[in-house]
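User: Please take a close look at one part of this structure and tell me how it is put together. Then place it in the rest of the chain, with each term explained once.

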Amino acid sequence: MTEMETDPYTHRRALNPLVWLSLVFGVAVLIAAAVGTHWAVDQVDRRAVTAERRTIAAALALERESVVAGELRSIWQEARRNQDEPGSAAVLADVVRETYDLARVYILAPDGGVVRAAEGSLLKEEVIDANDRAAVQLLVGQFGQMEGADEGPGFSTREANHTRLADTVRLEDGQLAFVGIRRIGPDGGGVDEASATSFHLVSIKPISPQLLASVADHFELEGLHIAAPRPDHATLPILNNAGRVIGFVAWQPNRPAVSLLWEAAPAGVSFLFLAATGLAFLLAWVRRTTVQLAATQTKTTYLALHDPLTGAANRVLFEKRLLEAMAYPYLARTTVALVAIDLDGFKDVNDTYGHAAGDQIIKQVATRLAFALPEEATLARLGGDEFALVQPGVLNEGQAKWICQNLMRVFDTPFVLTDASIEITASFGVALEEGNAVSATEMRRRADVALYASKAAGRNQLKVYDPAMDKSRREKRTLEVELRNALLTGQGLFLLYQPIFEAGSNAVAGAEALVRWDHPERGNLAPDMFIGMAEETGLINQLGTWVLEEAARFVVTSEVPWVAVNVSPLQFRNPDFADSVLRILSTRGLPAERLQLEITEGVLLQNSRAIQAMLAQLRTAGIRIALDDFGTGYSSIGHLRAHSLDKLKIDQSFTRSIVRDPATLSIVRSVIDLARALDMSVTAEGVEEEAQRRLLKDLGCTELQGFLLSRPLTAQRLLGLLAERRSVA
Ligand code: C2E
Ligand code: CA
Ligand code: CA
């Protein structure tokens, strides 16, 4: 409650690196995929362009060769048959023009004169077009050289006696064209002789858009044209036979990979989307799981460090806080205070109202304390009804006390349960570090010692540790050991018997056994000095047995009508208690009617079936049960009725003030009425004055007990008193 170590935001933040990592990873994968794809596409497309380039080059080469292709022998023979050589040349030109679809054709006579010129299907004047002139001259020159070079491997096709040469040129008007030249002459003529007599056919085929379009069409290319190189186009240099670049063809490359990519794009995008969604879901799941895990961890940590009932720190966390506080260098001259808090008589509350109610109260106490707590304090529940507080930065003892007094004030208001309102107090023990380097363990011990001192001082107290307390603790330890020895050896313990008198006749009705301890060093100890210690250490059971044995042993041989023995509520916790009482009676031979047990209201409050059964068992056996110190505890009429007891003993405090205090008088009167109604007798304790005796007798008390009538006596003197009385009577 002081310590809520749950902060969901911390875990959200803690998760971010994972998300970031995933995002970065995802983006990296995407980039890698994009780069990879781009590279692959580029590679594939480059290869495709290379293939296209090769195709185009081949197609153009084919076109180039086409200007000199074909078998002209038969055409020549046909022309010779007409015996009109120039005429046959003319016919030949027509044929060639029509057959090969060349743009322009010239037939040159052996002397170099133009015999025929044609453009398309039209004959023209027999001159070489100005546009073609340079190209034709070059070609004829080259061809002449080639024919001169004879057998050598020419750069054109040699075929029988028809030598041919094709080339690519740039015409006068800038247009690129394929040009071709071949000898046309008779079959089997020698080269030298032939060259002197041969006619030549020159063909010119411009690389026109139509030509390119038909090539493009044929090879499924886009936009094939003559152009300077452009970055967005694929280009192919056009070389002439001399290897010089005379122009470029450009085209839109097909880019099959890019188009494939475009076709695949929708599928790819869907895939990416799916993958991203999947990843997002995965991340969300991981994140949720992590958050849950963190929450579980936080919860586990919380549970490991906190008391589940109250939410206050548990022992582990408290220890940690104490060590931290003690290790932390606070302002000069401040100290750490450790406060041990214990609820007073909480066991009775638990026994009376049940554990659920007890838990309710513990919870309410924790809540109230937490509200009254200073800022820096840590409140812990160390178990049962034990709380503790560590407070750093305390200036002095005064401040520590002031803090505790604030905490004590929370007990001023009763604690409310569904069917009851309960008043509870708490005892506080404070230890201050006070600059003298004490260990945490020593601090805890000191707080416990101080708490113990508070309890011993009558509860609902606040005590600050003082070394003198250790001394009394040590003495108590020693006393415990000594009592244990006394019980073992039977040395030092003895009983006094205080007679109880008939109110009317003043006769000795019986006697109450009161234990004494003749301590070797400290002399005669009253029960107040060691009963509490015996109860704390559990020795009370042995002590109670010893008292019963001793009382029975004495009374059985005496004329004492009955003996009353005090029983601590703790003895009733022992399930064997009633049986052991009856066993002692039978071994000692004391009739049950001669024994009374004085119990306190706390026993009735325990309200358990086992106790009820034991009381019933004892009463059935004939033992009478008296309710001691009546009026000081919580008893309700309901309890009295439920248990049907034999006697009420009005507490000394009432006797003491009955004469002077009318309120007390009327209370006692009601008590006596109540006892009568419940068929119980009434003993008044602590009668010290005659006025008290008379008043109590008149009010209707059945028996009286007190120093006025007799102090507690040794067994011997009790017997003497009885003998004295008998002789007087
Ligand atoms: P108690 O049962 O109320 O016993 C009566 C106490 O009052 C006795 O004190 C007795 O000496 C004292 N007393 C009797 N008449 C007067 C009087 O006129 N004036 C005053 N001021 N006191 C008077 P004691 O013997 O010191 O016993 C104290 C308490 O110790 C007892 O109170 C009883 O509760 C407890 N006690 C004594 N013996 C035993 C025992 O054997 N077992 C247990 N469990 N408790 C015992
Ligand atoms: Ca008593
Ligand atoms: Ca009493």
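Analyst: Strand 12 and strand 13 form a hairpin, with two residues between them. In the turn, Gly 384 has a positive phi of about 45°. Strands here are DSSP runs of E with at least two residues, helices are runs of H or I with at least four, and both are numbered from the N terminus.

The model is predicted, so local features need pLDDT of at least 70 and side-chain atom pairs count only at pLDDT 80 or more, while totals for chains, interfaces and linings use all residues. Residues are numbered from 1 along each chain as its sequence is written, chains are lettered from A and ligands numbered from 1 in the order in which they are written, and side-chain values use heavy atoms, leaving out hydrogens and water.

Within the hairpin, strand 12 (residues 378-383) runs antiparallel to strand 13 and pairs with it over five bridges. Two strands count as paired if DSSP finds at least two bridges between them. One of the bridge partners can be named: Leu 379 is matched with Leu 389 of strand 13.

Strand 13 also has another partner. Strand 11 (residues 335-343) pairs with strand 13 in the antiparallel sense, over seven bridges. Here Thr 335 has Val 394 of strand 13 as its bridge partner.

Is strand 13 mostly covered or mostly open? Strand 13 (residues 386-394) is mostly covered, as seven of its nine residues are buried. Buried means under 20% relative accessible area, exposed over 50%, and partly exposed in between, using a 1.4 Å probe and protein chains only.

That is the hairpin; the rest of the chain gives it a setting. The protein chain has 23 helices and 27 strands. Of its 729 residues, 44% are buried. Taking the contacts with a separation of 6 or more, 65% join residues 24 or more positions apart. A contact means heavy atoms within 4.5 Å.

A residue in another strand shows what burial looks like in detail. Arg 104 lies in strand 1 (residues 104-108). Arg 104 counts as buried because its relative accessibility is 8%. Its side chain makes a polar contact of 2.5 Å with the side chain of Asp 132. A polar contact is a pair of N or O atoms within 3.5 Å; within protein, one must be able to donate a hydrogen and the other to accept it, and residues adjacent in sequence count only if both atoms are side-chain atoms. Leaving aside residues up to four places away in sequence, Arg 104 touches several others, among them Ala 118, Asn 131, Leu 171, Val 202 and Pro 206.

Further along the chain are two calcium ions. Which protein residues are donors to the calcium ion (ligand 2)? They are Glu 512 (OE), Asn 566 (OD1), Glu 598 (OE) and Asp 628 (OD), at 2.1 to 2.3 Å from the ion. Donors are N, O and S atoms within 2.8 Å of the metal (3.2 Å for Na, K and Ca), and sites may look incomplete because water is not among the atoms. In sequence, the donor residues of the calcium ion (ligand 2) follow the spacing E-x53-N-x31-E-x29-D. Asn 566 belongs to strand 21 (residues 563-566) and Asp 628 to strand 23 (residues 624-630), so this pair ties together parts that are 62 residues apart in sequence. Asn 566 is partly exposed, with a relative accessible area of 29%, whereas Asp 628 is buried, with 7%.

The calcium ion (ligand 3) is coordinated by Asp 628 (OD), by Asp 629 (OD) and by two OE donors of Glu 685, at 2.2 to 2.5 Å. Its donor residues are spaced D-D-x55-E in sequence. Asp 629 is in strand 23 and Glu 685 in the loop between strand 25 (681-684) and helix 22 (690-699), and this pair links parts of the chain 56 residues apart. Asp 629 is partly exposed, at a relative accessible area of 26%, and Glu 685 is buried, at 5%.

What joins the two sites? Asp 628 bridges the calcium ion (ligand 3) and the calcium ion (ligand 2), and these ions lie 4.0 Å apart.
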